[in-house]
Amino acid sequence: MTEIKQNSVVIGEAQTPQKAVEVSGKIQKETAWEKIKRVFGLNKKEQNSIEKEVVKAQSSKESIQAVGAPQNASQPVVGATPVSNTLSEAERKQLLEAEKIYQEGLSGVKDLISPSSMEIKTDMLKIGDIYAQSFFVYAYPRYLDTNWLAPVVNFDVTMDVSMFIYPIESEGIMKVMRNKVAQMNSAMTMEREKGNVADPALETALEDAEELRRAIQRGEEKFFHFALYFTIYSEDDKKITKISKQLESTLGGKLILVKRADLQMEHAFNSTLPIATDELTVESNMNTSPLSSTFPFTSSELTSNEGILYGLNRHNDSLIIFDRFQLENANSVIFAKSGAGKSYAVKLEVLRSLMMGTDVLIIDPENEYQNLAEEVGGTYLRVSLNSERRINPFDLPLPMKDENLKPGDLLRASVINLQSLIKIMVKGEMTAQEESLLDRGLLDTYSLKGITMQTPNPSDFVPPTMEDLVDVLSGMKGAENLAKKLEKYTTGTFSGIFNKPTNVDLKNGLVVFCIRDLEEELRPVATFVILNYIWNRVRSSLKRRILVVDEAWSMMQHEESAKFLYGLVKRARKYYLGVTTITQDVEDFIKSDYGKPIITNSSMQLLLRQSPSAVPHLQKIFNLTEGEKYLLLNSGIGQGLFFAGNKHVAIQVIASYLEDQIVTTNPEQILEQQRKVSQVV
Ligand SMILES: Nc1ncnc2c1ncn2[C@@H]1O[C@H](COP(=O)(O)OP(=O)(O)OP(=O)(O)O)[C@@H](O)[C@H]1O
Ligand SMILES: [Mg+2]
C-alpha cells in the first residue's frame, strides 16, 4: 500500500463536506486513512477489505467517466482527493500529480474491454480475434414499405446499425427542385416536338418531383439527408463473407443497395459506434414519409395469450394470435380477388373458433362449407325450392331476458323487416300507396293470428305466413297488384320456400345455410330471410357467436338487403356476435352506401391479393402506404394485410396438414381425397 493510495482514500458520501475538510486538514500529520484505521481500530483483514473496496470504487468512477456521465459537483466524491485550502500551491500540485500517476497505474474499464490489437485491412477490420465489416446504403427504391429494416434488425447475427438524419432547409431544396422540374418539363416537350412517344420514366420522375414540391410547400413533408451504415461481426472471416452476402441479398431484394466500405473500414466502423460521429457521410435524399418507414421497431406484434391463430406475421415470423371479441367490435371484413384464399382463411378461423367454444353460423352461396360442416359434426342446411327446409319470415323473435321491451316493440321491428323483404321480393316495384297499404296489411295479418301491438308476448302465438298476407292484400283496395306479385311466392314458381312454418332449428356448434341451389333471383330474398332468422335467434340468447356472410357483394346490390346487413353489423356487438363479411367485388361493395360503414364498423380486416382496379379504392379507405399497395398486388395465395384495431401486419395464412384437408377447395385435392375414400370403401 503506497502513500499515494492512502492519501486518496475515499471519504465517501456519508461524510459531510465540513468533516472532509477537517479530516483532510490533518493530512500532513496523519493521513485520513491512518486516522480511520486508528479511530475504528481496524484489524489487518478489515483494512484489506476496505482497500479492495477503494480500488473497486476507483474503477467504477472510471466507468462512469467512460460512458460520459456528467461529473458535476453534486456527485459523490468517489476517489477524489480531498484537497485542503491549507495546502500550499506546490503541495497541491504535487498531490494532484501523485494522484494522476496513481490513476494511470489503475486498470479501468477501458483496459478491460480494449482488444489487444486492431488490424485495418482493405475490406475488413480485425479487432482482436473478431472480424468486422462495415457497409453503407447508397441507393433506395422508389417506394419503401413500412418496416423494411425489420428483416435486417431481426437477423440472428451480431450487428451494429447506425442512422444519421440531417434536416435540410426546405428553401434551398425548393429552388433545386424547381430547376429540376423545369428541366424535365423541357426534356418532355423536346421529345414531343420530335414526335417521340412519351418516356414513362421521365413522366414518373416528373410526377414524383411535383408531388414532393407540393408536399414540402404545404409543410406536410420535410427534407432530410439520411445515412445508413451496418457493421457485422464474426469470429471467422469465411462466415463474415456469408453474413455480408445475406445482408446484401436481404436488402437487395427490397431494392435497397448496399456497398462494403472498402478502404474506409475504420471510418465506417467508427460511424457505427454509438458515439454519433458520421465519418463516412454517404447520404441519400429523403423526405419525411419514407424516412419514417426506416424506424426499425414498428413490427406490430399481434400475439396475445388468448384467442386463435390467424397466421404468421410476415414481418418477423411471429404468430398472429388474438381474440376478435376483445376488439371494439367483433366484426370483420375480408376483401380479395377470387381464388386469393378468402374462404380458406375464414374456414380456418371457423375451425379454430369452434374449438374455443364459439358458435358459428354461415351463409354459403357456393357449397364450399359442406366438408367443414361434416367434419366438425355441424348442421348443413340446404335451402332450395326442393328441400324440406323452411323458414317463415313472419316468425317473431323471443324477447331477451333483460331486454326492457314494451308490448308492440317486437311486432313493429318485425313489420319493418317484412316491408324490406317484400320490397326485395317485388324488386322494389312498389308505389307509395302500396307501401302504406302493405304496412296496414302486415299488421292486419298478424292481428288475424291474435298478435297486436298490445300483445305482451307475441312470440307465444303461432305466426302467420306469406299466404295469409296475400289473402289480406287481395282484399284491400289498391293492393291487388302487390298481392298478385307476391302470389309467385305462395302458389307460383317460388312457392313452398317462404310461405310455410319454420322447421329448422339453430343447433349449437356450426350451422351452415347453403343457398347455392336456389335460383339466382331468389338468392337475395333467401339471404335476407336467413339473416333475419339468425338475427332473431341470436338476439334471444346471449352467446359468443360468429356469423359468416360469404360473397356478401350480392347483398350489396339491393338497397334493402345492404341496409339490413349494415344494421346487423352495427348492432352485433351488443349481442356478442361477430359478423364476417367476405367479398371479392370490392368496387361494388364500396360503391354501395352501406359498404363503407360496414368496413368502418368492422375492427378486424383482412386484405388478401387484390386486382389492380380495386387497389386505389382500398388505398383510400384503409390508408394504405405505397408499399402496402404493392404488397397486396403481389401477394401469393393466403398472403395479405391483417388489420386489428389500430395495428396492422403482413400476414401469411397457414394451415396444418389436417386442417388443409378439411378446408381446401382445390378440386385436385378434393378429387384425391375422394379417391382415397373410395379405395378404403
Ligand atoms: N393459405 C393458404 N394456403 C394454402 N392454400 C390456400 C390458402 N388459401 C387458399 N388456398 C387454396 O387456394 C384456393 C382458393 O382459395 P379460396 O377458395 O379460399 O379462394 P376465395 O378467395 O374464397 O375465392 P372465391 O372468391 O372464388 O370464393 C383453394 O384451392 C385453396 O385450397
Ligand atoms: Mg370463396
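This passage describes the ligand shell, the nonpolar cores, one helix and selected residues of a predicted model. Local features require pLDDT of at least 70 and side-chain atom pairs count only at pLDDT 80 or more, whereas totals for chains, interfaces and linings use all residues. Residues are numbered from 1 along each chain as its sequence is written, and chains are lettered from A and ligands numbered from 1 in the order in which they are written.

Ligand 1 is surrounded by 15 residues, the closest being Gly-341, Ser-343, Tyr-344, Gly-638 and Asn-666; a residue is near a molecule if its C-beta atom, placed from the backbone, lies within 6 Å of it. This shell comprises five nonpolar, nine polar and one charged residue, where Ala, Val, Leu, Ile, Met, Phe, Trp, Tyr, Cys and Pro count as nonpolar, Asp, Glu, Lys and Arg as charged, and the others, Gly among them, as polar.

The largest nonpolar core (buried Ala, Val, Leu, Ile, Met, Phe, Trp, Tyr and Cys residues joined through C-beta atoms within 7 Å) has 114 residues, and Ile-530, Val-548 and Leu-565 have the most contacts inside it. A residue is buried if 20 or more other C-beta atoms lie within 10 Å of its own, exposed if 12 or fewer, and partly exposed in between, with C-beta atoms placed from the backbone. Helix H19 (residues 523-540) gives the most to this core, with 10 residues; helices (H or I, at least four residues) and strands (E, at least two) are DSSP runs numbered from the N terminus. Because domain 3 (301-389 + 504-681) and domain 4 (392-501) both give residues to this core, it lies between them; the domain bounds come from an automatic or database domain assignment. Another core, of 26 residues, lies apart from it and includes Ala-132, Leu-228, Tyr-229 and Phe-230.

Tyr-233 lies in strand E5 (residues 223-234) and is partly exposed, with 17 other C-beta atoms within 10 Å. Its contacts (C-beta atoms, placed from the backbone, within 7 Å) include Ile-130, Tyr-131, Ala-132 and Thr-158, not counting residues up to four places away in sequence.

In helix H25 (residues 626-633), the buried residues are Glu-628, Lys-629, Leu-631 and Leu-632. Seen down the axis of H25, these fall within an arc of 160 degrees (taken from the directions from the helix axis to the C-beta atoms), so they line one face of the helix.

Leu-263 has a positive phi of about 65 degrees although it is not a glycine, and is exposed, with 12 other C-beta atoms within 10 Å.

Notes. Two residues are in contact if their C-beta atoms, placed from the backbone, lie within 7 Å.
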